[in-house]
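Colleague: I should like to learn how helix packing and chain contacts are read from a model. May we work through an example together?

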Amino acid sequence: MSPATPSPATPSPTTPSPTTRSHNTRGPTLLHSTQVVLGAAALLTALVVQLTVLSRLGLPGATPDLVLVAVVGLALRGGPDAGLAAGAAAGLATDLVPPADAAIGRWMLVLGLVGYAAGRAGERGLRSPLASVALVAGSAGASVLLYAATGLLFDDLHAPVGVVIRLVASQVLYAVFLSPLVVHGGGRRR
Amino acid sequence: MRRDARSTRVLLGLLVLTSVSVIVVDRGGGSGPPLGALRSGAAAVFGPVETAAAAVARPVRDAVAGSGGRDSDAARLARENAELRRRLRSSDQARARAAELDRLLRVAGAGQWPTVPARVVAVSAAQGLRFTVTIDAGRRDGLRPDLTVINGDGLVGRVTTVGPSTATVLLTIDPESSVGARLERSSEIGVLTGRGTAGHSGLHLELLDGQARVAAGDRLVTFGSRGATPYVAGVPIGAVTRVARTPGSLTRTATVRPYVDYTALDLVGVVVQPPRTDPRDAVLPPRPSPSTPSPTP
């Protein structure tokens, strides 16, 4: 059980080689401090750019969701736990940073779930460029739907179905255009 | 592996539990101590960041960034040409901005509303289904919650959260906004609620009198709240585009097109002091023709 599990080509089965051990320790240490700082900086930059630039472009439908794309990118790099943590933190920031005025916690819930699911999907081997683009687009559509659902559940905000459909369709499209940002990063890690 | 999955499941449960309880507390408590402090803390930290980001983004939005060319004459000339064109355009923009400020001052003067001018620095994302903006004036400029916000075209909204140097404005078209309104040259009053779209039919009017006479083209001004908070009286809001025919209903409803273009908000004014008198219909621009002027779209 212990020594010879993951080493396929090493000729010596007697001792666990130092390479496999270092590989093992590098895998789960997601919360490396510089990574956390870099991830947080990426998320906050994405949020500020989204609110000061992208939402003012007057694009049809939704505002391109840079924050969501960043969360999916971090989830693809770090797995479900990191995706959940990044999503929850980014969502809380989205709920708080002005001009946010809805109930605090709604984006936190939505982006946390989306980050977790994206990390799961990345773990399951959805790592080819095409699959990553599809994952970003799917997450974008799901986030819009989930957020509208939390509005219905907690904020008593009934958005017209037509409006939500328009938002989902446009958000999926924008996410496809933004996905090279994270698909490139995901590929570099391998 | 199994242990991993279990800890992840615990994390998921924690996420759902935490966020749902935060939502419930925030809904119930309004601007209570724990979450209200969190929000104003975020405003204090991110307000200046957004103001700075908007200042950086403004020229970028205004002009297309010139690409770095080679040393060939054609490229150099093209670059110079682009630079001159950019300067020309930015002076155009300065002129447009001055005109915008002019209109705001005229409206504020006509209503005798002492205003603090401010610029929009951040806009809520469309997928949030809410319509709010951040402006670059705050507590230091004398702002407080529940003040009326106008621009050169009419009513923009009201102040909700105030930070040290920024404030959040709830736009009139937001689904959670409702404004008391009065029909021009009559005493019919009603409530305008936002319909959650920035288009031509952004507002929904419900007149309190079911027998009230209202037609397309009728114009609306704010009725004015008690103590002039959150809305001062007499601010132009918009014109009726369509009246719903609902026989037997106790109230009359109509669709109203707002005067303000919410997709291009930039310069706004916050009314910091209530006027001494209600200007009634004085702030509405003179009608161009006696019949209904607005073409139905």
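Colleague: At roughly what angle do the axes of helix H5 and helix H6 of chain A cross?

Modeller: Please keep in mind that this is a predicted model. The axes of H5 (residues 129-155) and H6 (residues 161-178) of chain A cross at roughly 155° and come within 8 Å.

Colleague: How is the angle between H5(A) and H6(A) to be put into words?

Modeller: Angles over 145 degrees count as roughly antiparallel. H5(A) and H6(A) are therefore roughly antiparallel to each other. In handedness, the crossing of H5(A) past H6(A) is right-handed.

Colleague: Which residues make the contact of H5(A) with H6(A)?

Modeller: H5(A) contributes A:Val133, A:Val136, A:Ala137, A:Ala140, A:Gly141, A:Val144, A:Leu145 and A:Ala148. From H6(A) come A:Val164, A:Leu167, A:Val168, A:Gln171, A:Val172, A:Ala175 and A:Val176. Sorted by class, this contact has 13 nonpolar and two polar residues, with no charged residues.

Colleague: How many residues of chain A are in contact with chain B?

Modeller: On chain A there are 41 such residues, and they are in contact with 45 residues of chain B. H2 (33-52), H3 (66-96), H4 (106-123), H5 and H6 of chain A each supply at least two residues of the side that touches chain B. That side of chain A has 26 nonpolar, 10 polar and five charged residues.

Colleague: Where in chain B does pLDDT stay under 50?

Modeller: It does so over residues 64-70 of chain B, for which the model has nine contacts beyond four places in sequence. It also does so over residues 292-297 of chain B, with 10 such contacts. The mean pLDDT of chain B is 83, and 89% of its residues reach 70 or more. The model scores ipTM 0.80 and pTM 0.81.

Notes. Residues are numbered from 1 along each chain as its sequence is written. Chains are lettered from A and ligands numbered from 1 in the order in which they are written. This is a predicted model: local features need pLDDT of at least 70, side-chain atom pairs count only at pLDDT 80 or more; totals for chains, interfaces and linings use all residues. Axes are lines fitted to C-alpha atoms, for helices over the stretch in contact, and angles run from 0 to 180 degrees between N-to-C directions. Helices (H or I, at least four residues) and strands (E, at least two) are DSSP runs, numbered from the N terminus. Angles under 35 degrees count as roughly parallel, over 145 as roughly antiparallel, 65 to 115 as roughly perpendicular and the rest as oblique. A crossing is left-handed if the near helix is turned anticlockwise from the far one by less than a right angle, and right-handed if clockwise. Two residues are in contact if their C-beta atoms, placed from the backbone, lie within 7 Å. Ala, Val, Leu, Ile, Met, Phe, Trp, Tyr, Cys and Pro count as nonpolar, Asp, Glu, Lys and Arg as charged, and the others, Gly among them, as polar. pLDDT is the predictor's confidence in each residue, from 0 to 100.
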